[in-house]
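Work through the exercises below with the sequence and the structure side by side. Each task is followed by a solution in steps.

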Amino acid sequence: MENDTITIKFDTNPSPWFNDYVELTFSKSKLQPVVDELVKECSDKDYQSSYSYNHIVDRVINKNWKEDCGSIRPFLKVIYKIIMNQCPKEADWHNGHVAAARSINSKMAWMTPGFVEARRYNDIYGS
């Protein structure tokens, strides 16, 4: 029987310069319906960019996440990890797994401490 748990490391420190990692364990069987719904809703679309899938991903995530649980970042990270583990090897850009993963990955990047400032600096001064 396959192990039903999935563990991620999550940085709880809001500073981009210091890390304070904790390990969080989730039940795959409880998260699988969320993953299945994300993949289904993101499938059979012909969008050209990951942000085009954001409204779909937001709707599914908001339906399955309660704000009083704390930060949504660990939830997104574990959902992303499950999606990538189940993604077919030869999946193209418009595959539901890839589309959902791209949108979630972008959301996690924008939530990362220091990312907005770094992006703004790059937009103004270049890399």
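Patches are made of residues with over 30% relative accessible area and no salt bridge, like charges being joined within 9 Å and nonpolar side chains (Val, Leu, Ile, Met, Phe, Trp, Tyr) within 5 Å; accessible areas come from the Shrake-Rupley method with a 1.4 Å probe, and for residues only the protein chains shown count as cover. The model is predicted, so that local features need pLDDT of at least 70 and side-chain atom pairs count only at pLDDT 80 or more, while totals for chains, interfaces and linings use all residues. Residues are numbered from 1 along each chain as its sequence is written, and side-chain values use heavy atoms, with hydrogens and water left out.

**Exercise 1.** Determine which residues make the nonpolar surface patch of about 410 Å².

Solution. Tyr121, Ile124 and Tyr125 make the patch. Isoleucine 124 is placed in helix 5 (residues 115-125), where helices (H or I, at least four residues) and strands (E, at least two) are DSSP runs numbered from the N terminus. Isoleucine 124 has a relative accessible area of 56% and is therefore exposed, given that buried means under 20% relative accessible area, exposed over 50%, and partly exposed in between (1.4 Å probe, protein chains only).

**Exercise 2.** Find which parts of the chain are linked by the salt bridge of lysine 63 and by that of aspartate 58.

Solution. A salt bridge is a side-chain nitrogen of Lys or Arg within 4 Å of a carboxyl oxygen of Asp or Glu, and by this rule the count comes to 4. Lysine 63 pairs with glutamate 37, the closest N and O atoms being 2.5 Å apart; this pair links helix 2 to helix 1 (residues 28-42) across 26 residues. Lysine 63 is exposed at 55% relative accessibility. Aspartate 58 pairs with lysine 107, again with the closest N and O atoms 2.5 Å apart, and this pair links helix 2 to helix 4 (residues 96-111), 49 residues apart. Aspartate 58 is partly exposed at 30%, whereas lysine 107, at 17%, counts as buried.

**Exercise 3.** Establish how many residues separate aspartate 123 and arginine 119 in helix 5.

Solution. The two residues form a salt bridge whose closest N and O atoms are 3.4 Å apart. They are 4 residues apart in helix 5, and therefore separated by about one helical turn. Aspartate 123 is exposed at 53%, while arginine 119 is partly exposed at 38%.
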